[in-house]
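Good morning, colleagues. Please take a moment with the sequence and the structure before I go through the contacts.

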Amino acid sequence: MSVDPSRKPRNETEHERLDRQLMELLQGFRVATTGVQVLFAFLLTVPFSARFDVKVGETGRALFYVSLFGAGLASVCFIAPVIQHRILFRLGQKALLIRRANRFGIAGAFALGISMTAATTLVVQALSEKAAATVATVVVAVLLCGWAWFVQPYLTRRRAESRASEDA
């Protein structure tokens, strides 16, 4: 359930609203894509560094693969709406593109969170004790990515929808 656009204080047509929403989504993806690409590029170079195999072990190798494929999936998710926009340009599919872009953005954020968590855990594990790596995993996955990206906005959305249904 979303807030009825007619209840919002903007004075814009449906077409103008779709244009604005698409531009806002694409701008957000530009920011996210840059971070993902830097992480992905770093991960692509790590296995070629000296003593990578010796230093990380089997658990580290698994963490590396999770991080690598998470960053790859995040890249695909954040780039997909831009490519789809180009392919569907001028076909009157903007509302569909916005819905898809929103879903891709959420999936991309989830994949990025997994990638960042695995990469952080890998580095902390290589530099310190297992307990520190466990703490790093919990902090990055639950407190940072989980709370800031998913739980907090979800709770805000539920409160807004609850207020909107009470006002109706």
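Glu24 and Arg20 form a salt bridge, with their closest N and O atoms 3.2 Å apart. I should state at once that the model is predicted. Both residues belong to helix H1, where they sit four residues apart, about one turn of the helix. In an α-helix there are 3.6 residues a turn, so residues three or four places apart point the same way. Glu24 counts as partly exposed because its relative accessibility is 44%. Arg20, at 21% relative accessibility, also counts as partly exposed, since the buried class requires a value under 20%. This pair does not stand alone: Glu12, Arg20 and Glu24 are linked in a network of salt bridges.

How many salt bridges does a search of the whole structure find? The search finds six. Let me describe two further examples.

One of them joins Glu14 to Arg17, the closest N and O atoms being 2.6 Å apart. Glu14 and Arg17 both lie in helix H1, three residues apart, about one turn of the helix. The two partners fall into separate accessibility classes: Glu14, at 47% relative accessibility, is partly exposed, whereas Arg17, at 15%, is buried.

The other example is the salt bridge between Lys94 and Asp19, whose closest N and O atoms are 2.3 Å apart. Here the pair links distant parts of the chain, with Lys94 in helix H3 (residues 94-127) and Asp19 in helix H1, 75 residues apart. Lys94 is partly exposed, with a relative accessible area of 24%. Asp19 is likewise partly exposed, at 27% relative accessibility.

I turn now to helix H1 itself. Helix H1 covers residues 14-45, which makes 32 residues. At 1.5 Å a residue, the expected span is 46 Å, and the end C-alpha atoms are 46 Å apart, so the two values agree. As for the expected figure, the 1.5 Å is multiplied by one less than the number of residues. Which residues of H1 are buried? They are Arg17, Leu18, Leu22, Leu25, Leu26, Phe29, Thr33, Val36, Leu39 and Leu43. Arg17 is thus on this list and is also the salt-bridge partner of Glu14.

Next, the aromatic residues. The structure holds four aromatic pairs. In one of these, the rings of Tyr65 and Phe69 have their centres 6.2 Å apart and their planes at 15 degrees, so the pair is stacked. The angle satisfies the stacking criterion because planes under 30 degrees apart count as stacked. Tyr65 and Phe69 both lie in helix H2 (residues 52-87), four residues apart, about one turn of the helix. Tyr65 counts as partly exposed, at 43% relative accessibility, while Phe69 is exposed, with a relative accessible area of 58%. Ring pairs also bring in Phe64, linking Phe64, Tyr65 and Phe69 into a cluster.

What of the cysteines? A search of the whole structure finds zero disulfides. For Cys77, the nearest cysteine sulfur is that of Cys145, 15 Å away, and Cys77 is in no disulfide. Cys145 is in no disulfide either, its nearest cysteine sulfur being that of Cys77. The separation explains this, because a disulfide requires two cysteine sulfur atoms within 2.5 Å. Are these cysteines buried or exposed? Cys77 is buried, with a relative accessible area of 6%, and Cys145 is buried as well, with a value of 5%.

My last topic is helix H4 and the surface. Val135, Val138, Val139, Val142, Leu143 and Leu144 form a nonpolar patch on the surface. Together these residues have about 510 Å² of accessible area. Val139, a member of the patch, is placed in helix H4 (residues 130-167). Its relative accessible area is 32%, so Val139 is partly exposed. That value admits Val139 to the patch because membership requires over 30% relative accessible area.

Glu166 also lies in helix H4. At 59% relative accessibility, Glu166 counts as exposed. Finally, a separation: Glu166 and Met23 are 143 residues apart along the chain, and their C-alpha atoms are separated by 31 Å.

I am glad to take questions.

Definitions and conventions: Residues numbered from 1 in each chain as written. Predicted model: local features only at pLDDT ≥ 70, side-chain atom pairs only at ≥ 80, totals over all residues. Heavy atoms only, no water. Patch = residues over 30% accessible without salt bridge, like charges linked within 9 Å, V, L, I, M, F, W, Y side chains within 5 Å. Areas by Shrake-Rupley, 256 points an atom, 1.4 Å probe, with all protein chains shown as cover. Salt bridge = Lys/Arg side-chain N within 4 Å of Asp/Glu carboxyl O. Helix = DSSP H or I, 4+ residues; strand = E, 2+ residues; numbered from the N terminus. Buried < 20%, exposed > 50% of the residue type's maximum accessible area, 1.4 Å probe, protein only. Phe/Tyr/Trp six-rings, centres within 6.5 Å; stacked < 30°, edge-to-face > 60°.
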